[in-house]
Amino acid sequence: MSAIEITEQNFNSEVLTGGQTVLLDFWAPWCGPCRMMSPVIDQVAEKHPEVKVGKINVDEQPNLAARFSVMSIPTLAVIKNGKTQATSVGVKPMEAVEAML
């Protein structure tokens, strides 16, 4: 399964309901480290179909970035049962992202 775009409009239905573990990637197109993380996020989405992977463009979704207190990007957040279980800032290898799950 590939990563999906998360917006304020679909946040509740995609992230907070369904009981599925969700990995959120807060990013921006101008962010070099975010572009470095993108293939890793895509690999997680392909390798772990049990995890919903969503990308949040902080420029287009500033309220969601504020809701998660995102100060630096890339920021990853793992949501389980509607609650944040883990967060990470900066470029991480695949193994570190998988360990968060």
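The legends below describe close-up views of a predicted model.

**View 1. The open sheet and its strand order.** Five strands make up an open sheet: the sheet has 5 strands in the order β1-β3-β2-β4-β5, and the pairing is mixed. Strands β1 (4-5) and β5 (83-89) are at the edges; each has a single partner strand, so one side of each has no neighbour in the sheet. In general, strands of a sheet pair through backbone hydrogen bonds, in a parallel or an antiparallel manner.

**View 2. The β4 and β5 pairing.** Strand β4 covers residues 75-80 and runs antiparallel to β5, with 6 bridges joining the two. One residue pair can be picked out here: A77 has T87, in β5, as its bridge partner.

**View 3. Surroundings of A86.** A86 is a residue of strand β5, an edge strand of the sheet. With neighbours within four places in sequence left aside, the contacts of A86 are L76, A77, V78 and M100. Of these residues, A77 is also the bridge partner of T87. The C-alpha atoms of A86 and M100 are 6.4 Å apart, while the two residues are separated by 14 residues in sequence.

**View 4. Helix α2 across the sheet.** Helix α2, residues 32-47, lies across three strands: β2 (21-27), β3 (51-57) and β4. Relative to β3, helix α2 runs at about 155°.

**View 5. The F11 and F68 pair.** The structure has 2 aromatic pairs. In the pair of F11 and F68, the ring centres are 5.9 Å apart and the planes are at 70°; planes over 60 degrees apart count as edge-to-face, so this pair is edge-to-face. F11 belongs to helix α1 (residues 11-16), whereas F68 is in the loop between α3 (62-67) and β4, so the pair ties together parts 57 residues apart in sequence. F11 has 2% relative accessibility and therefore counts as buried, the limit being under 20%.

**View 6. The F26 and F68 pair.** F26 and F68 also form an aromatic pair, with 5.3 Å centre to centre and 50° between the planes, and this pair is tilted. The pair links distant parts of the chain, 42 residues apart: F26 is in strand β2 and F68 in the loop between α3 and β4. F26, at 0% relative accessibility, counts as buried.

**View 7. The aromatic cluster.** F11, F26 and F68 make up one aromatic cluster. F68 takes part in the edge-to-face pair with F11 and in the tilted pair with F26. The cluster members come from helix α1 for F11, strand β2 for F26 and the loop between α3 and β4 for F68.

Terms used. Residues are numbered from 1 along each chain as its sequence is written. This is a predicted model: local features need pLDDT of at least 70, side-chain atom pairs count only at pLDDT 80 or more; totals for chains, interfaces and linings use all residues. Side-chain values use heavy atoms; hydrogens and water are left out. Two strands pair if DSSP finds at least two bridges between them. Helices (H or I, at least four residues) and strands (E, at least two) are DSSP runs, numbered from the N terminus. Contact means heavy atoms within 4.5 Å. Axes are lines fitted to C-alpha atoms, for helices over the stretch in contact, and angles run from 0 to 180 degrees between N-to-C directions. Rings of Phe, Tyr and Trp (its six-membered ring) pair if their centres lie within 6.5 Å; planes under 30 degrees apart count as stacked, over 60 as edge-to-face and the rest as tilted. Buried means under 20% relative accessible area, exposed over 50%, partly exposed in between (1.4 Å probe, protein chains only).
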